[in-house]
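This briefing is addressed to a computational chemist who has the sequence and the coordinates at hand. It treats the metal sites, the helices and the nonpolar core in turn.

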Amino acid sequence: MPEQKSNEVTRDQLAELLNEDLAREYQAVIAYVVYSQALKGAPYMQIAKELVVHAGEELSHALTIAKQIDYLGGSMTVTPKPVKTSDDPKQMLRFDLENEAETLRQYRERIRQCEALGEFAIAESIREIMLQEQDHLIELATALGEDPPNVSG
Ligand SMILES: [Fe+2]
Ligand SMILES: [Fe+2]
């Protein structure tokens with residue numbers, strides 16, 4: 001299903017969109033498992049430890065989103081979004097930063113869609129996930145020596 005701009009979605013469409021979110025959470029688990037171990041070199045030791053923590057948090061996000069899809073009567077995807085690989089530590093962190101920014105943009109929209117449907121509990125659980133995604137974004141930007149990107153667009 002194409003990404004939608006409208007807040008007006010059906011429950012079935014919401015379940016499909018949450019499946020896109022679930023696929024992004026699987027992608028994040030895989031990326032953080034691999035990158036946390038593959039990042040080498042003294043400048044990256046601190047962020048590598050943080051990526052281990054991110055991996056566990058992304059798994060808990062996947063479980064939360066899966067629970068909401070099941071609640072809506074949807075069937076859960078088993079396929080992650082593709083994970084990019086690189087031997088360059090900066091490039092790995094860049095991929096993570098771009099994925100976190102896209103995840104935050106999608107969740108902002110999802111909360112509005114949930115609220116338009118009166119699904120306030122799902123919206124609340126996504127807000128809790130967003131708190132951690134925003135921390136991930138900030139940690140990655142800091143490791144790259146940048147300001148976090150604006151995800152409100
Ligand atoms: Fe996540
Ligand atoms: Fe994240």
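**Briefing on the predicted model**

Gly145, just after helix 4, adopts a positive phi of about 75 degrees. The structure is a predicted model. Two iron ions, ligand 1 and ligand 2, lie 3.9 Å apart and are bridged by Glu58. The points below begin with these ions and then turn to the helices and the core.

**Iron ion (ligand 1)**

- The protein donors of this ion are Glu25 (OE), Glu25 (OE), Glu58 (OE), His61 (ND1) and Glu133 (OE), at 1.9 to 2.6 Å from the metal.
- Along the chain, the donor residues of the iron ion (ligand 1) follow the spacing E-x32-E-x2-H-x71-E.
- Glu58 and His61 are three residues apart in helix 2, so about one helical turn separates them.
- His61 counts as buried because its relative accessibility is 2%, where the cut-off for burial is under 20%.

**Iron ion (ligand 2)**

- For this ion the protein donors are Glu58 (OE), Glu100 (OE), Glu100 (OE), Glu133 (OE) and His136 (ND1), and they lie 2.0 to 2.4 Å from the metal.
- The spacing of the donors of the iron ion (ligand 2) in sequence is E-x41-E-x32-E-x2-H.
- Glu58 bridges this ion and the iron ion (ligand 1).
- Glu58 belongs to helix 2 (residues 45-71) and Glu100 to helix 3 (residues 89-116), so the pair ties together parts that are 42 residues apart in sequence.
- Glu58 is buried, at 1% relative accessibility, and Glu100 is also buried, at 3% relative accessibility.

**Helix 2**

- Helix 2 has 27 residues, which at 1.5 Å a residue should span 39 Å; its end C-alpha atoms are 40 Å apart, in agreement with that expectation.
- The buried residues of helix 2 are Ile47, Ala48, Leu51, His54, Ala55, Glu58, His61, Ala62, Ile65, Ala66, Gln68 and Ile69.
- Helix 1, helix 3 and helix 4 are included in what covers these buried residues of helix 2.
- Gly73 follows helix 2 and has a positive phi, near 85 degrees.

**Helix 4**

- The 24 residues of helix 4 (residues 120-143) should span 34 Å at 1.5 Å a residue, and the separation of its end C-alpha atoms, 35 Å, agrees.
- The buried residues of this helix include the iron donors Glu133 and His136.
- Also buried in helix 4 are Ile122, Ala123, Ser125, Ile126, Ile129, Met130, Leu137, Leu140 and Ala141.
- The cover over the buried residues of helix 4 includes helix 1 (11-38), helix 2 and helix 3.

**Two buried residues of helix 1**

- Ala23 is found in helix 1 and is buried, with a relative accessible area of 7%.
- Leaving aside neighbours within four places in sequence, Ala23 is in contact with Thr77, Thr79, Pro80 and Lys81.
- The C-alpha atoms of Ala23 and Gln37 are separated by 22 Å, and the two residues are 14 residues apart along the chain.
- Gln27 is likewise found in helix 1 and counts as buried, at 8% relative accessibility.
- Not counting residues up to four places away in sequence, Gln27 touches Pro80, Lys81, Pro82, Val83 and Asn99.
- Pro80 and Lys81 therefore appear among the contacts of both Ala23 and Gln27.

**Nonpolar core**

- The largest nonpolar core has 40 residues, of which Leu18, Leu39, Leu51, Ile65, Leu93 and Ile126 touch the most other members.
- Helix 1, helix 2, helix 3 and helix 4 are the elements that give two or more residues to this core.
- In soluble globular proteins, nonpolar side chains tend to be buried together.
- Apart from neighbours within four places in sequence, Leu51 is in contact with Tyr32, Tyr35, Ser36, Leu39, Leu93, Asp96 and Leu140.

**Aromatic rings**

- Zero aromatic pairs are found in a search of the whole structure.
- Arg11 lies over the face of Tyr71, at 5.7 Å from the ring centre.

Key: Residues are numbered from 1 along each chain as its sequence is written. Chains are lettered from A and ligands numbered from 1 in the order in which they are written. This is a predicted model: local features need pLDDT of at least 70, side-chain atom pairs count only at pLDDT 80 or more; totals for chains, interfaces and linings use all residues. Side-chain values use heavy atoms; hydrogens and water are left out. Rings of Phe, Tyr and Trp (its six-membered ring) pair if their centres lie within 6.5 Å; planes under 30 degrees apart count as stacked, over 60 as edge-to-face and the rest as tilted. A charge sits over a ring if NZ of Lys or CZ of Arg is within 6 Å of the ring centre and within 35 degrees of the ring normal. Donors are N, O and S atoms within 2.8 Å of the metal (3.2 Å for Na, K and Ca); water is not among the atoms, so sites may look incomplete. Helices (H or I, at least four residues) and strands (E, at least two) are DSSP runs, numbered from the N terminus. Buried means under 20% relative accessible area, exposed over 50%, partly exposed in between (1.4 Å probe, protein chains only). The expected span of a helix is 1.5 Å times one less than its number of residues. Contact means heavy atoms within 4.5 Å. A nonpolar core is a set of buried Ala, Val, Leu, Ile, Met, Phe, Trp, Tyr and Cys residues joined through side-chain atoms within 4.5 Å.
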